[in-house]
Every structure is written in structure tokens, then in C-alpha cells.
Amino acid sequence: MTVQTFTPSATKAASENTVTQPTHTTDVSMKKLYIETQGCQMNEYDSHRMADLLGDSHGYVLTTNPNEADILLMNTCSIREKAQEKVFSELGRWRKLKEQNPDLVIGVGGCVASQEGDNIQKRAPYVDMVFGPQTLHRLPQMLDQHQAQVEKPKKEKIKLVDISFPDIEKFDFLPEPRVEGFKAFVSIMEGCSKYCSFCVVPYTRGEEVSRPLDDVLAEIAGLAEKGVREISLLGQNVNGYRGETFEGGICTFPELLRLVAEIPGIGRLRYTTSHPLEFSDELIQCYRDLPQMVSHLHLPVQSGSNDVLQAMKRNHTIDVYIDKIAKLRKVRPDMHLSSDFIIGFPGETDEHFAETLQFIKDLDFDHSYSFVYSKRPGTPASELPDETPEQVKKDRLAQVQQVIKQSSIDKTDAMLGKIERVLIEKVSDKDPNLLIGTADNTRLVTFIGDAAWVGRFAEIEITEIKTLNLVYGELLNLEPDVA
């Protein structure tokens, strides 16, 4: 078999033709696309763009039912344990659907696709297309090539595999994003150059590459005009953004935040995932100066032990992290902090874990993404000796999660009687007199109001704590409509 790849120059011409002049004219209501998304918010963003892309170029509409789809796409994540095997297990289920419908098209994208390449088609020959995070914009051309093979079979089937790293080319060919609701993700950079010893991202998404400043601002301005009020900036190392300006200079992440805050209609700013090394004093000053910045920060640290951090190649110490958070809380005393923790990293002793647990208590995290360490093929850490019993790791993880859960409960309880700025997002499905929105700290807030207020910000006094993530309140002030 031949592996079909695409050169950037050829793809650019093909993309322009495909996007502006769709080659398929079948009734759009009859063509359905199902996407299974695994992993992070970057993957969620990419999946939305896949749907936009194939909707614009080929007329596909999304479905939540894989049984009725004409195309099945799996957007994979390689962070969790045995990620590859979980992908092939799901593909086994999809194989049965293809046996029932030979015309069904199956594609695998994301980080596992980037790692495995044409091995996916070797193990699962019924998979028609394999593409990486940086080449999802080439889906229309891959689909055309697949359908050409079906219509005019060749003696030798071409394997459609494209897991190259063409910098940020994909953003030049993705259609204008569709708006759903009042929040939107905007990817501002791709890849990571930190090379932590446990992480596969540099190998699956490539080195750090930032989108040009004007492209980012234009996308956000367009979203704001369509009613988006909250923007979440995305990147594997988002605060390491270095975007080229129109004049040929470089815009840093703090400078970008200040420019986004000036866009009319944008009332709230979030970002993920950030790195402590890039959490500069200039970024902290943005929290001091920009009311659009939420009082919520996700800043991964991974461990509370300097020895473990060194083995992870994080290139910072706990003292550096603590100092940055202290500076941040000085300008934003109500800051809610979340983080990532890897428990049971190779060589983690009882003493190391005790340091991590105390660190978590001292920093008073609101919530976390915490997991037992699992080896990722191809990473330096996968070669380290790991003698800690699995049950010990699980017991340590349970302790971490219990501490953070209690902290989260306490922080929700502390909202009682306080005033929260809330983005009103929808009318309750259960009661048309109730509105639901989100506070800076991500809690859902429900209160009595008018459906005409949806899409606006309001100051709400919290009157009742319902659950860990749900509170009730009363309207104090409704901000002017910026539309």
C-alpha cells in the first residue's frame, strides 16, 4: 500500500478550491457526521472546527447518534493510560457499523493518530483516514481522495495518512467558527517546547508555534459581533504565546490579553493551559488592570516535591510557584486556583508525597485534574524505574482528591451572602422563570429573571448553596446590554 501525504503548497490550493467551491452537492440533510472527542479543551476546539470544516465544504451536519452517521471521526487523546488500546477498542465497535454500512467513512485524528500513524490502518484496515492535530484542515481533501478511490478503485489502494506538522497552516483554511451560546474557545498557539519528561505533547502536536496577532484578534472580534461575551484562549502552553504582529514585531501573552480586553462585547477572559515558567509579572499585572480577567486560574504544577519536579524536568521549584501565586493573590485576593497533579511519578517516595499533600493544603486549591502516573511511550520518563506498588499510588491519589474536594466544598459554601458577577447563559429547562449563568469561579448560578436578559452580565447575591457546583441567588444589578 502507498501512504498518501499532502504538501503544504498543494494542500493550500486544494483547500481554497474545496472550501469556496464545494465539490459535493448532495442534500445536506441526508449527510451526517459523528465526532467522538477525547481529552482536553484543545481537542474540543479541534472537533468543533472539524464539524465547521466538513459542514462548509461538504454539507455534513452533526449527529449525536453514531448509528445514523455517514462519517465517524474519533479525535483522540494520548494523555491517559492505555490510550492506544482504548482507541482500538472503540474502533472495534465502529467496525460493526461499517460491516452494516460499507459506505460508512471512518477517520481517526488527534494525538494517538499522530503517534500511531499508518499503524492504525495496519491494525484496523477498515479505517479510511488518519490525520494529526495539525492537519485536520486537510479533511476535505482526504475525504475527496477516499471517495475517488471508492468510485474508481485502483489496483493499489492509497492509504490516507497525514500526521505532519505544517506549523499553523490549518488556521488559514478553517472556516469562520460557528457560534453556539455566549462562550467560545479560541486557539492561539499549537504545540509545546517544554519537553517535560512525562509528556507526549511535543511529539504529537509539535513545537510551540503561535498564530499571528491579527488573525487572533480578527477571530475574537468576529465572535464578539455574533454575541460571544466570554473568550477562553487555548494552547498547550498558552501563556508562552509569541504572536507576530503586522509590523513584524512580537506580541506577548500579556499584551494580547490587553488587546482582547479592548474588543467591544468581550466581558470575560479565561485561558488554559498555562505554565509556571511563563507566568510573568506582566501577566499578574493584567489581573490588576483588566476587570475582564476572571478570578480563576488553572496553573499546572504536577507535584509539590522539588525532587519530583526535577525528575519531571519542569525546570522550576515549588518556591517559584508559591511566589507567583502570592503575587497574584495580592492583586486578586479572591483568586480561585486549580492545577494538575501526577501522583506516583517514578521515584516518588512517601516523603515526596507528603510534601505534595502539604503543598496542596497550603495553596488551598479549588479543584484539580489529578491522576496516577502512567507511562507514555516515547517519553523519557517511560524509561525510569518505577517500584511503587499501584495500590500505594491509588491510595495517595485518593488522599489528594479528598483534600481538594473539601477545599472546593468550603469555597462554594463561602459564596453564601457574597456578590458574584455572572454571565447569564440560558433559561432553565425546568422553570421558564429561572435563569442560569456562570460565575468567575465556574459555579453555576440560578436566579429568577427575564429570558430577555440571556447573554448579559449581572451581579447576583448568593442566597443558597445547593450543591458543590450549583448555587442560588437574587439579582442586584443587570449590566447594560453591549450588543
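Where does Gly227 lie? Gly227 is found in the loop between α8 (213-225) and β11. The points below start from that residue and then move through the predicted model.

1. Gly227 and its surroundings. At a relative accessibility of 13%, Gly227 counts as buried, because buried means under 20% relative accessible area. Gly227 is separated from Glu247 by 20 residues in sequence, and the two C-alpha atoms are 30 Å apart in space.

2. Strands β11 and β14. The loop that holds Gly227 leads to β11, and β11 (residues 230-234) pairs with β14 in the parallel sense over five bridges. Within this pairing, Ile231 has Leu269 of β14 as its bridge partner.

3. The setting of β14. Five of the five residues of β14 are buried, so this strand is largely enclosed by the rest of the structure. Arg268, Arg270 and Thr272 point one way from β14, whereas Leu269 and Tyr271 point the other way. Both groups are buried, and Leu269 is also the bridge partner of Ile231.

4. The cis peptide bond after β14. Most peptide bonds are trans. The bond from Thr272 to Thr273, however, is cis, with omega near 0°. Thr273 belongs to the loop between β14 (268-272) and α10 (281-289).

5. Helix α10 against α9. Helix α9 (residues 253-261) and α10 have axes that come within 8 Å and cross at roughly 20°. That angle makes α9 roughly parallel to α10, because angles under 35 degrees count as roughly parallel. The crossing of these two helices is left-handed. On the α9 side the contact is made by Phe253, Pro254, Leu257 and Arg258, and on the α10 side by Glu282, Leu283, Gln285, Cys286 and Asp289. By class, this contact of α9 with α10 has five nonpolar, one polar and three charged residues.

6. Helix α10 against α12. Helix α10 also packs with α12 (residues 318-331), at an angle of about 20° and with the axes 8 Å apart. The two helices α10 and α12 are therefore roughly parallel to each other. Their crossing is right-handed, whereas that of α9 and α10 is left-handed. Asp281, Ile284, Tyr287 and Arg288 of α10 make the contact with Lys324, Lys327, Leu328 and Val331 of α12. In the contact of α10 with α12 there are four nonpolar, no polar and four charged residues.

7. The open sheet β15-β16-β17. Three strands, in the order β15-β16-β17, form an open sheet with parallel pairing. Strands β15 and β17 are its edge strands, each pairing on one side only. From one strand to the next, the twist averages 10°. Strand β16 (residues 336-343) is joined to β17 by six bridges, and Ile342 has Phe371 of β17 as its bridge partner. Helix α14 (residues 390-413) lies across β16 and β17 and runs at about 175° to β17.

8. Two residues with positive phi. Most residues other than glycine have a negative phi. Gln302 has a positive phi, near 80°, and its place is in the loop between β15 (296-298) and α11 (306-312). With 8% relative accessibility, Gln302 counts as buried. Asp364 likewise has a positive phi, near 60°, and is placed in the loop between α13 (350-363) and β17 (367-372). The relative accessible area of Asp364 is 34%, and this residue is partly exposed.

9. The closed barrel. Five strands form a closed barrel that runs β18-β19-β20-β22-β21, with mixed pairing. Neighbouring strands of this sheet are turned by 50° against each other on average, direction ignored. Within the barrel, strand β20 (residues 444-448) pairs with strand β22 (residues 470-478) in the parallel sense over three bridges. Val445 has Val471 of β22 as its bridge partner.

Note on methods
Residues are numbered from 1 along each chain as its sequence is written. This is a predicted model: local features need pLDDT of at least 70, side-chain atom pairs count only at pLDDT 80 or more; totals for chains, interfaces and linings use all residues. Side-chain values use heavy atoms; hydrogens and water are left out. Helices (H or I, at least four residues) and strands (E, at least two) are DSSP runs, numbered from the N terminus. Buried means under 20% relative accessible area, exposed over 50%, partly exposed in between (1.4 Å probe, protein chains only). Two strands pair if DSSP finds at least two bridges between them. Axes are lines fitted to C-alpha atoms, for helices over the stretch in contact, and angles run from 0 to 180 degrees between N-to-C directions. Contact means heavy atoms within 4.5 Å. Angles under 35 degrees count as roughly parallel, over 145 as roughly antiparallel, 65 to 115 as roughly perpendicular and the rest as oblique. A crossing is left-handed if the near helix is turned anticlockwise from the far one by less than a right angle, and right-handed if clockwise. Ala, Val, Leu, Ile, Met, Phe, Trp, Tyr, Cys and Pro count as nonpolar, Asp, Glu, Lys and Arg as charged, and the others, Gly among them, as polar.
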